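Thank you all for coming; I would like to take a few minutes to go through one model with you, beginning with the whole chain and ending at a single residue.

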Amino acid sequence: MTKNYKLAQWLELRIPYDAQGRDSIVEASCQQYLKKRKSLKIVDLGAGTGANCRYYLSKISQDQEWFLVEQNQELLEIALDRLIIWAQENGYESQLQNSRLVLTNQVHKITIHRIVGSILDLENLIDLNTFDLAVANAVFDLFSEKQFQTLLECLKKYQLPMLATINYTGMNFIPQTDKDSDFIKYYHQHMQRHQYFGRGMGPECGSLMWEAMKGIGMKVLQGESPWEISNSDPVFLEFILGFMEESIPEIIEKATLQNELNTWLLEKQQMMSQKKLSCSVTHQDFWGYWE
Ligand SMILES: C[S@@+](CC[C@H](N)C(=O)[O-])C[C@H]1O[C@@H](n2cnc3c(N)ncnc32)[C@H](O)[C@@H]1O
């Protein structure tokens, strides 16, 4: 299985958890703000396979024009296929016009553009003067504080509001066992390890995003968007443990710790196969706008 195929599979699996978790007050506040506009032009930052866009398509009552900005071209190709399937399932005709996907039914028209590029280069990719909204789902815990600040400065320049959902803030396994807190701590350290762009905000993104958005002069509404993963979803739990198994060895040095990790993972696998393991993951949603 290629890395992107696996990532795409993960992004699809998390859709129902994201949908359940999203904070309804934060979302309603954004909808209220936009309700008088005749049509909406929206940029989805870090769009992946288009799951965030697909989530909003049927929640918006106006005609819509979407720009999916994503650095990973292969994910955007998968996004196209999934949007076409979404259209079939939701009573829309779909047509590929040049590289745009146009979805129509008797009432609405939805146009979707895919743009391979970086969120940090947004101004050079699209004309931000013409947009109503930026959305981003599950992206900013990957960003450094500086990258997020750069994005906010760009949004400020164009007075573009942003709905940023499912920003990771922490996790715990249920029932909790001895070494959980150690390995979750290492997992978080891996998210915040030094990378070419600096350090990702990881589990601190909630408080850092709040401060940065307030600091730049946005009006901000924040809400919690947790996932509750029950013991009857081993596939999803397997993914979470898999991420930990892959990442933690990159930052632990001692061989003894690697052995402890293997033992801990084995214990978790056993609990999972006996349907005795569940997991909570916490996130925060933000609606930021300008007055
Ligand atoms: C966890 S995925 C979420 C994808 C999608 N928003 C969703 O909800 O399914 C994060 C995505 O952000 C993209 N990403 C991260 N940094 C980016 C950047 N600087 N520019 C564009 N895309 C970026 C990644 O390639 C990845 O597809």
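How much area does the protein expose, and what share of it do carbon and sulfur atoms supply? The exposed area is about 14400 Å², and carbon and sulfur atoms supply 48% of it, with accessible areas coming from the Shrake-Rupley method with a 1.4 Å probe and, for residues, only the protein chains shown counting as cover.

Before going on, please keep in mind that this is a predicted model, in which local features need pLDDT of at least 70 and side-chain atom pairs count only at pLDDT 80 or more, while totals for chains, interfaces and linings use all residues. Residues are numbered from 1 along each chain as its sequence is written, and side-chain values use heavy atoms, with hydrogens and water left out.

Turning to burial, 52% of the 291 residues of the protein count as buried, meaning under 20% relative accessible area, with a 1.4 Å probe and protein chains only. The C-alpha atoms fill a box of roughly 60 × 45 × 35 Å along the principal axes.

Among contacts (heavy atoms within 4.5 Å) between residues at least 6 apart in sequence, 78% join residues at least 24 apart.

Finally, Thr-165 lies in strand β7, residues 162-174, where strands are DSSP runs of E, at least two residues, numbered from the N terminus. Thr-165 counts as buried because its relative accessibility is 3%. Leaving aside neighbours within four places in sequence, Thr-165 is in contact with residues including Arg-22, Tyr-56, Asn-137 and Asp-285, whereas Thr-165 and Asn-72, 93 residues apart in sequence, are 20 Å apart in space, C-alpha to C-alpha.

Conventions: Buried < 20%, exposed > 50% of the residue type's maximum accessible area, 1.4 Å probe, protein only. Helix = DSSP H or I, 4+ residues; strand = E, 2+ residues; numbered from the N terminus.
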